Amino acid sequence: MAARCVLQSARTALRTVQSELSSKGLFQRTPGFSQLSFLGSRGLRHVVEKKDGKMTVIEGVLEPTSERPQPPNPTASCPIYRWNLQNKYNYTDVLLLSQFIRSDGGMLPRRITGLCAQEHTKIVICVQMAHRAGLLPDHKPPLPEGHVPKPKSNPPLNRYLTRYSVKSVKPIYKTGLKWCKKRMSVGHPALKNNIRYSPKPLYIQH
Amino acid sequence: MSSFSRSAQQWATFARSWFLIDASMQPPGKIASMCSVRLQGKHKPIYHPLSDIGDHVVVMNTRHIAFSGNKWEQKVYSSHTGYPGSFKQLTAAQMHKKDPTAIIKLAVYGMLPKNLTRRTMMQRLHLFPDDVLPEDILKNLTEELPQPREIPRKLSEYTQEERDAFPMLWTPTNKVIQIWKETSQVPLDQRVLDTIPSQKLHSE
């Protein structure tokens, strides 16, 4: 599937280049395009034009990637599995979560980031919890210009591991007897497989 | 200590200490359990329920406690004076707005033993909503207890070196940027554009 995408991208690149050439109508079309470059690895390329007299060679050259640390498991499809971070991250790992969010706090789509479905939902849950805990103060949606925020009557309350949004939750007026108590949920069951170094189990219903 | 004289050893064993706890960004239940242990004197090997050997506990920054989950909205404190029509139910958020020390006070009251010594132990608990403490209490303090919960760091508190040291898990390619520009109304994030070494894009 990745190879098909690469081939498609190379074909569209070639098509745009050919359409440009035909519109200009000045240069000969060279038969010897480097057929091998789009069978290589994915990466960013820039267009390079070379002229030898009447012949023009237009090629997409792979850019040299800067020296970045290599993932321990490069053959996996999901970035979390590539770096072996499954079941190891939480809402506090803001450096990890900030790589998958936009500047106004929303999530980047799965087809862009390449995450698998389960990890994408886990990241969404952790990002929501981090926003509600106030750990991402700079990723707020931009306010319209000239907008003066109203003075808040209640200062914001500190919270963490909030599963539901603040406005959607109703108070539990009747908690019930011990055997049928209405519990308050903390954290999220999607993160129940996270590695725990203490013998106590994860305590989700308080 | 064996090197102390008898009177000094006696004094060190039976003196009433004053503990200080900072409750900012801490869950009130954990703070209350620490307080109740020290108010009863259960942290001392000479403990007995009848001997009044509890210590004083001073809790500051009770206004900045942090509940886990949605407890600010879900937890309800009920009270009834006995007269008809006086059943009041307040959520934790409303209670905290009315009195910033009430949540910890009620939590400690519920954790102490349910006997007559409870009221004297509550008198030895001193709660302050902010970190402004009166002078006479400041002079009495002997020990500060560590906070039970590790406060997580915000993204703005990380230095640029730490952010650079953390590797990028995924990198965008030209094709991805093209899809983004074609399909999304949201403009492309500057952070995503900054990962490209040189800003050479197809459709500009």
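Here a trainee and a mentor talk through a predicted model of chains A and B.

Trainee: What makes A:R159 and B:E73 a salt bridge?

Mentor: A salt bridge needs a side-chain nitrogen of Lys or Arg within 4 Å of a carboxyl oxygen of Asp or Glu. The closest N and O atoms of A:R159 and B:E73 are 2.9 Å apart, so the pair meets the cut-off of 4 Å. Across the interface of chain B and chain A, the rule finds one salt bridge.

Trainee: And how many residue pairs are in polar contact across the interface of chain B and chain A?

Mentor: The rule finds 17 such pairs, with both residues at pLDDT 80 or more. On the side of chain B that touches chain A, α9(B) gives the most, with six residues. That side divides into 23 nonpolar, 14 polar and 13 charged residues.

Trainee: How many residues does each chain bring to the contact?

Mentor: Chain B brings 50 residues and chain A brings 57. About 4,900 Å² is buried between the two chains, and carbon and sulfur atoms give 63% of that area. B:Q74, B:L169 and B:W170 supply 16% of the area that chain B buries against chain A, more than any other three residues.

Trainee: Why are β3 of chain A and β3(B) said to pair?

Mentor: Pairing asks for at least two bridges between two strands. Strand β3 (residues 158-160) of chain A and β3(B) have three bridges, in the parallel sense, so they count as paired. In one of these strands, β3(B), B:S68 is the bridge partner of A:Y160.

Trainee: Which strands form the open sheet in chain B?

Mentor: Four strands form it, in the order β6-β2-β1-β7, and the pairing is parallel. Its edge strands are β6 (125-127) and β7 (143-144), because each pairs on one side only. Strand β1 (residues 18-22) and β2(B) run parallel and are joined by five bridges, and B:L20 has B:V58 as its bridge partner in β2(B).

Trainee: How do you know which parts of chain B the predictor is confident about?

Mentor: Look at pLDDT, which runs from 0 to 100. Among the elements of chain B, strand β2 (residues 56-60) has the highest mean, 98, and helix α10 (residues 190-194) the lowest, 57. Over residues 197-204 of chain B the pLDDT is below 50. Where pLDDT is low, the predicted coordinates should not be read in detail.

Trainee: What is the mean pLDDT of chain B?

Mentor: The mean is 89, and 85% of the residues of chain B reach 70 or more. The model scores ipTM 0.84 and pTM 0.77.

Terms used. Residues are numbered from 1 along each chain as its sequence is written. Chains are lettered from A and ligands numbered from 1 in the order in which they are written. Side-chain values use heavy atoms; hydrogens and water are left out. Helices (H or I, at least four residues) and strands (E, at least two) are DSSP runs, numbered from the N terminus. Contact means heavy atoms within 4.5 Å. Buried area is the accessible area (1.4 Å probe) that two parts lose on being put together, summed over both. A polar contact is a pair of N or O atoms within 3.5 Å; within protein, one must be able to donate a hydrogen and the other to accept it, and residues adjacent in sequence count only if both atoms are side-chain atoms. Ala, Val, Leu, Ile, Met, Phe, Trp, Tyr, Cys and Pro count as nonpolar, Asp, Glu, Lys and Arg as charged, and the others, Gly among them, as polar.
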